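Here's a quick briefing to keep beside the viewer. Have a look at the sequence and the model first, then go through the notes by topic.

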Amino acid sequence: MRLTQHVRSNRTALVGMLVLGAFVFAALLAPLLMPHDPWQHFQPFAEPTTQHLLGTDDVGRDIFSELIIGAQVSLLVGF
């Protein structure tokens, strides 16, 4: 009860809980949110488009897919 009252009264705690919730949501639904296989290769250094929301890296992997998988691994290690 005290935790919920503290979070409601403290905006920083509320924002932190929302960000953590978004990361957990993305990590749990990673296979559904990833537009491409993170190991699939495309054109290297491609600019962001509707196909690749954050572009591609130097090897041609989709950065958005790598970011989602990275969040999943980070949360797994953190917990």
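Arg61 and Glu66 pair up in a salt bridge, with their closest N and O atoms 2.7 Å apart. Keep in mind that this is a predicted model. Arg61 also meets the side chain of Asp57 in a salt bridge, at 3.1 Å from N to O, and Asp57, Arg61 and Glu66 are thereby linked in a network of salt bridges. Searching the whole structure turns up 2 salt bridges.

**The charged network and Asp57**

- Glu66 is partly exposed, because its relative accessible area is 24% and the cut-off for buried is under 20%.
- Asp57 falls on the other side of that cut-off: it counts as buried because its relative accessibility is 13%.
- As for location, Asp57 sits in the loop that runs between helix H3 (30-33) and helix H4 (63-78).
- Which backbone nitrogens does the side chain of Asp57 reach? One belongs to Val59, at 3.1 Å, and another belongs to Arg61, at 2.8 Å.
- Arg61 therefore turns up twice with Asp57: its side chain is in the salt bridge, and its backbone nitrogen is reached by the Asp57 side chain.
- With neighbours within four places in sequence set aside, Asp57 is in contact with Pro44, Phe45, Ile63 and Glu66.

**Two glycines in the H3–H4 loop**

- Gly55 belongs to the loop between H3 and H4, and Gly60 lies in the loop between H3 and H4 too.
- Are these glycines buried or exposed? Gly55 is buried, with a relative accessible area of 0%, and Gly60 is buried with a relative accessible area of 0% as well.
- Not counting residues up to four places away in sequence, Gly55 touches Ala46, Glu47, Pro48, Arg61, Asp62 and Ile63. That list includes Arg61, the residue that bridges to Glu66.
- On the same basis, Gly60 touches Gln40, His41, Phe42, Gln43 and Pro44.
- For distances, the C-alpha atoms of Gly60 and Pro48 are 12 Å apart in space, with their positions 12 residues apart in sequence.
- Gly55 and Ile69 are 14 residues apart along the sequence, and their C-alpha atoms are 16 Å apart.

**His36 and Phe45, also in that loop**

- His36 has its place in the loop between H3 and H4, and it counts as buried because its relative accessibility is 15%.
- What does the His36 side chain find for a polar partner? One of its polar atoms lies 3.0 Å from the backbone oxygen of Gln51.
- Beyond neighbours within four places in sequence, His36 is in contact with Phe42, Gln51, His52, Asp62 and Ser65.
- Some names recur here: Asp62 is in contact with His36 and is touched by Gly55, while Phe42 is in contact with His36 and is touched by Gly60.
- Phe45 is in the loop between H3 and H4, and it has a positive phi of about 55° although it isn't a glycine.
- Is Phe45 buried or exposed? Phe45 counts as exposed, because its relative accessibility is 63% and the cut-off for exposed is over 50%.
- Phe45 is also one of the residues in contact with Asp57.

**Helices H1 and H2**

- Helix H2 covers residues 11-28, which makes 18 residues. From first C-alpha to last, H2 reaches 26 Å, close to the 26 Å expected at 1.5 Å a residue.
- At the start of H2, a side-chain oxygen of Asn10 comes to within 3.1 Å of the backbone nitrogen of Thr12.
- Val15, Val19 and Phe23 make a nonpolar surface patch of about 260 Å², and Val15 lies in helix H2.
- An α-helix has 3.6 residues a turn, so residues three or four places apart point the same way.
- Thr4 is in helix H1 (residues 2-9) and is partly exposed, with a relative accessible area of 42%.
- The C-alpha atoms of Thr4 and Leu14 are separated by 9.6 Å, and the two residues are 10 apart along the chain.

Key:
Residues are numbered from 1 along each chain as its sequence is written. This is a predicted model: local features need pLDDT of at least 70, side-chain atom pairs count only at pLDDT 80 or more; totals for chains, interfaces and linings use all residues. Side-chain values use heavy atoms; hydrogens and water are left out. Helices (H or I, at least four residues) and strands (E, at least two) are DSSP runs, numbered from the N terminus. The expected span of a helix is 1.5 Å times one less than its number of residues. A polar contact is a pair of N or O atoms within 3.5 Å; within protein, one must be able to donate a hydrogen and the other to accept it, and residues adjacent in sequence count only if both atoms are side-chain atoms. Contact means heavy atoms within 4.5 Å. Patches are made of residues with over 30% relative accessible area and no salt bridge: like charges are joined within 9 Å, nonpolar side chains (Val, Leu, Ile, Met, Phe, Trp, Tyr) within 5 Å. Accessible areas come from the Shrake-Rupley method with a 1.4 Å probe; for residues, only the protein chains shown count as cover. A salt bridge is a side-chain nitrogen of Lys or Arg within 4 Å of a carboxyl oxygen of Asp or Glu. Buried means under 20% relative accessible area, exposed over 50%, partly exposed in between (1.4 Å probe, protein chains only).
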